[in-house]
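Colleague: Please take a close look at a single residue of this model and its surroundings. I should then be grateful for one connected account that sets this part in the context of the rest of the chain.

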Amino acid sequence: MMLRARLASTTRLRSCAALAHSKSAVISTRNRQQTRSVGTNSVAPEDLYSFGVKHVTKGLGRITEGIMTKGEGSYVYYDNGKQYLDFTCGIGVTGLGHAHPKVSKAAADQCMNLVHSQCSIALHEPYVRLIERLLPIMPHPSLDSFFFWNSGSEAVEAAVKMARQFTGKQNIISMQGAYHGRTFGAMALTKSKTIYSAGVHPLMPGVFSIPYPYWHQSNMPPSTSSSVLSANALYQLELLLSQQTAPADTAAIIVEPVLGEGGYVPAPPEFLQGLRDICDKNNILLIIDEVQSGFARTGSWFAVEESGVKPDILVIAKGLGNGFPISGVVSRTELTDTLKPGSMGGTYAGNAVSCAAAVAVNDVMREENILENVQARSNELFSALNHLKYDPSLNPHILDVRGRGLMVGVEFASPSISSHSHAHATSSKNSNHNNDVKHPANMASRVAKKCIEKGMLILTTSVYEVIRFIPPLNVSKEDMKKGCAIFAESVREVVKEG
């Protein structure tokens, strides 16, 4: 009996084991099938775009279809065979064009040496060499203390954290129309569009804003002088400090010397100088955000240089690494020496590969005379755009051509913000604008779409009808001429269509 029981038990165990093995095999087969269906090489090339559209979050938007496979100089290439002249530079990032050989080689060489040295563990040579390259080009010699991070948003948040620690005060003042990022703290400072913070309030507290010296924000005609606009904005700042955030509670004012996402509007020197004076009188720090306008984009190393204003904290990113993720916060040693070790940091902060690329970027800027090229191509771009602006057939529809260097905006007369602003935006004392002229709706996005159809990538910006030019800083004379011709043809077609 015992023997039969043992045999029966053994048989049951074997049956269970066989069943378990069978189930395991089925699950394993399913897993392998699932792995094959989403594996790196499993999706057919012709299906890759549709696969990406299905699985990439809908929170991301795109202006083109297809997979970008290559970038070289001023051009990008797609898997569908299309080639585009790139006047977006990844929103101001690839200032030296795509895959600049010296920058890419520096990064590749660093990859074979040291990819990552976490900043809380040790310094690495590219980090220190980058400081060595940056010190001589800082907009003020007092800027001598550096912290490198990954993105502009992170750098902005670090700057706010530093300002609060340096001053022992809480509140921050930003500008209407400003863009400082989409991470939570930076998002609170961003005032260019509601889409960046819609549905996620309450945001970081202690943030206030004033008008930027942009005629829209003061509800004045486009012909209003920069001195009047500056005076109005500075008056609103004084009022804010009297009514809403006392100087004793205000740590910093943050400002872009050229408003980026808000419409590519340069700040008049007198406005930045006025901010500096108010900050000095009230023990408030001035944070200059040069994430987009820095590194020769405006024809000088930094846009703030024109005003002669000294930043207390300078925020940099984008063109610093030519596509490799790196940003920086620069301040004065006398301030940063008060920080406690460990209060700043980040896993990838000051990555060795990105720092090596940024060192090469700074070397190329000098070796290839990039500043001179920016100034020459800027003259050609403004000449072409102003030719359109003063063309009698187009003049009623083009309100403004503005910017500095190769950071240039064109605003069209088809705003939809309000009937009052529409009246200002369709009339000017110094133009042939006529309120009875019918302007094409959504003109900026329609012109941008036509440019893309004709082989040039270009972007709109702000809540107004603005197109922004961000070509490579080393763009050739021929490619600048080509881009201007595509833009002009697109504008004329949209105006004709009405």
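Modeller: I have chosen R468, which touches F87, I91, E261, Y264, Q292, V408, G409, I458, L459, T460 and T461 when residues up to four places away in sequence are left aside; a contact here means heavy atoms within 4.5 Å. The model is a predicted one, in which local features require pLDDT of at least 70 and side-chain atom pairs count only at pLDDT 80 or more, whereas totals for chains, interfaces and linings use all residues. Residues are numbered from 1 along each chain as its sequence is written, and side-chain values use heavy atoms, with hydrogens and water left out.

R468 belongs to strand β17, residues 466-469. Helices (H or I, at least four residues) and strands (E, at least two) are DSSP runs numbered from the N terminus. R468 counts as buried because its relative accessibility is 5%; the classes are buried under 20% relative accessible area, exposed over 50% and partly exposed in between, with a 1.4 Å probe and protein chains only. The side chain of R468 is joined to that of E261 by a polar contact of 3.1 Å. Such a contact is a pair of N or O atoms within 3.5 Å; within protein, one must be able to donate a hydrogen and the other to accept it, and residues adjacent in sequence count only if both atoms are side-chain atoms.

Two of the residues touched by R468 deserve comment, namely F87 and I91. F87 forms one aromatic cluster with F412, F469 and F487. Rings of Phe, Tyr and Trp (its six-membered ring) pair if their centres lie within 6.5 Å; planes under 30 degrees apart count as stacked, over 60 as edge-to-face and the rest as tilted. By this rule there are 12 aromatic pairs. One of them, Y78 with Y84, is edge-to-face, with 5.1 Å from centre to centre and 70° between the planes. Both partners are buried, since the relative accessible area of Y78 is 7% and the relative accessibility of Y84 is 6%. Another tyrosine, Y77, has the charged end of K70 over its ring, 6.0 Å from the centre; a charge is so placed if NZ of Lys or CZ of Arg is within 6 Å of the ring centre and within 35 degrees of the ring normal.

I91 lies in helix α3, residues 89-92, and has a positive phi of about 60° although it is not a glycine. Because its relative accessibility is 34%, I91 is classed as partly exposed. A99, in the loop between α3 and α4, likewise is not a glycine and has a positive phi, of about 55°. In helix α4 (residues 101-111), the buried residues are V103, A106, A107 and Q110. They lie on the same side of α4 because they span an arc of only 95° around the axis, the arc being that of the directions from the helix axis to the C-beta atoms. P101 and K105, on the other side of α4, are exposed. The cover over the buried residues of α4 includes α5 (125-134) and α11 (352-367).

A second buried arginine invites comparison with R468. R332 is in the loop between β12 (327-331) and α10 (333-336), and counts as buried because its relative accessible area is 12%. Apart from residues up to four places away in sequence, R332 touches S142, D144, S145, K310 and D312. The side chains of R332 and D312 make a polar contact of 2.7 Å. In the loop between α7 (184-189) and β6 (207-210) lies P202, and the peptide bond from H201 to P202 is cis, with omega near 5°.

For the chain as a whole, the secondary structure comes to 15 helices and 17 strands, and buried residues make up 53% of the 498 residues. Of the contacts with a separation of 6 or more, 73% are between residues 24 or more positions apart.

Finally, a word on confidence. The mean pLDDT, the predictor's confidence in each residue from 0 to 100, is 90 for the chain, and 87% of the residues reach 70 or more. Residues 417-422, however, have pLDDT below 50, and this stretch has five contacts in the model beyond near neighbours in sequence. Residues 427-433 also stay under 50, with 15 contacts beyond four places in sequence. Where pLDDT is low, the predicted coordinates should not be read in detail.
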